[in-house]
Amino acid sequence: MNPYTGPDPVLVGLLARYCAGEVSLETAATEWARIYMESTRRLQFELRRSLTSRNGDAASSEGEGGVTRNITEPDLPKVRALFERVEAKLDLMRSELIEESAREYLSSAGNSPFDKAVRLLANDVTETLGDRHLPVVWSFAAHVRQLELEDPSTRCIEDVQQHFQDTFVDTTWPACPRHPNHPLDYAEGSWRCPRDGAVVARLGELSRHPGNRI
Ligand SMILES: [Zn+2]
């Protein structure tokens, strides 16, 4: 009743746009994750709906019952446990991937301007968020290093910023010491307040408790 109809055309289209350079790695990955989460949630929703409408046999002719026909109310805790376990697996896989590319970057990091900028960024992350977040910095560095960019340092810093914000590690990282509700922008070696462009700190010199808070 629910035949395999081939790869999701939306995902295939996204992959094609990514390969054609129309969307960035970060955008494609975010979109991919969103589609995945949405389809999981839709399945949960359908399941709940089909269970509540099954009191009386009328609902079974709706057509979508094929997916959930053999699942009953007492199965719900099992279903919930499965989804939770899947999310835990995804978390684990993600941190393993991060660790792996971090190791790859560190094994060959040198003294290029890019590597120096990555070390300064690592200082800032350690100082503000703690060193357990360092593998994220190195894994983005591993990725950015493979791209032929004019300014790989800025890209790496922006990707790391985006990651901490998207994953709710800190949605305003790094927070402006003068206006804690917005993050600082990075440009030309410094962290700047986006409101007036004032330099708040050089890259690598962020501190957890800035003295110039007003
Ligand atoms: Zn500000």
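This passage describes the packing of two helices in a predicted model, the nonpolar core to which they contribute, and the surroundings of one loop residue.

Helix α6, spanning residues 134-146, packs with helix α7, spanning residues 152-166, at an angle of about 135°, and the axes of the two helices lie 9 Å apart. An angle over 145 degrees would count as roughly antiparallel and one of 65 to 115 as roughly perpendicular, and α6 and α7 are therefore oblique to each other. The crossing in which α6 passes α7 is right-handed. On the α6 side the contact is made by Val 136, Val 137, Phe 140, Ala 141, Val 144 and Arg 145, which meet Pro 152, Arg 155, Cys 156, Asp 159, Val 160 and His 163 of α7. By class, the residues of this contact comprise 8 nonpolar, 1 polar and 3 charged.

The largest nonpolar core contains 23 residues, of which Val 118, Leu 121, Val 137, Phe 140, Ala 141, Cys 156 and Val 160 touch the most other members. At least two residues of this core are supplied by each of α5 (113-128), α6 and α7, with the largest share, 7 residues, coming from α6. When neighbours within four places in sequence are left aside, Val 160 is in contact with Leu 121, Val 136, Val 137 and Phe 140.

Asp 170 lies in the loop between α7 and β1 (185-187), and because 15 C-beta neighbours fall inside 10 Å, Asp 170 counts as partly exposed. Not counting residues up to four places away in sequence, Asp 170 touches Leu 129 and Phe 164. The C-alpha atom of Asp 170 is separated by 10.0 Å from that of Thr 128, although these residues are 42 residues apart along the chain.

Notes. Residues numbered from 1 in each chain as written. Predicted model: local features only at pLDDT ≥ 70, side-chain atom pairs only at ≥ 80, totals over all residues. Axes fitted to C-alpha atoms, helices over the stretch in contact; angles between N-to-C directions. Helix = DSSP H or I, 4+ residues; strand = E, 2+ residues; numbered from the N terminus. Parallel < 35°, antiparallel > 145°, perpendicular 65-115°, else oblique. Left-handed = near helix turned anticlockwise from the far one by under 90°. Contact = placed C-beta atoms within 7 Å. Nonpolar A, V, L, I, M, F, W, Y, C, P; charged D, E, K, R; others polar. Core = buried A, V, L, I, M, F, W, Y, C linked by C-beta atoms within 7 Å. Buried ≥ 20, exposed ≤ 12 C-beta atoms within 10 Å, placed from the backbone.
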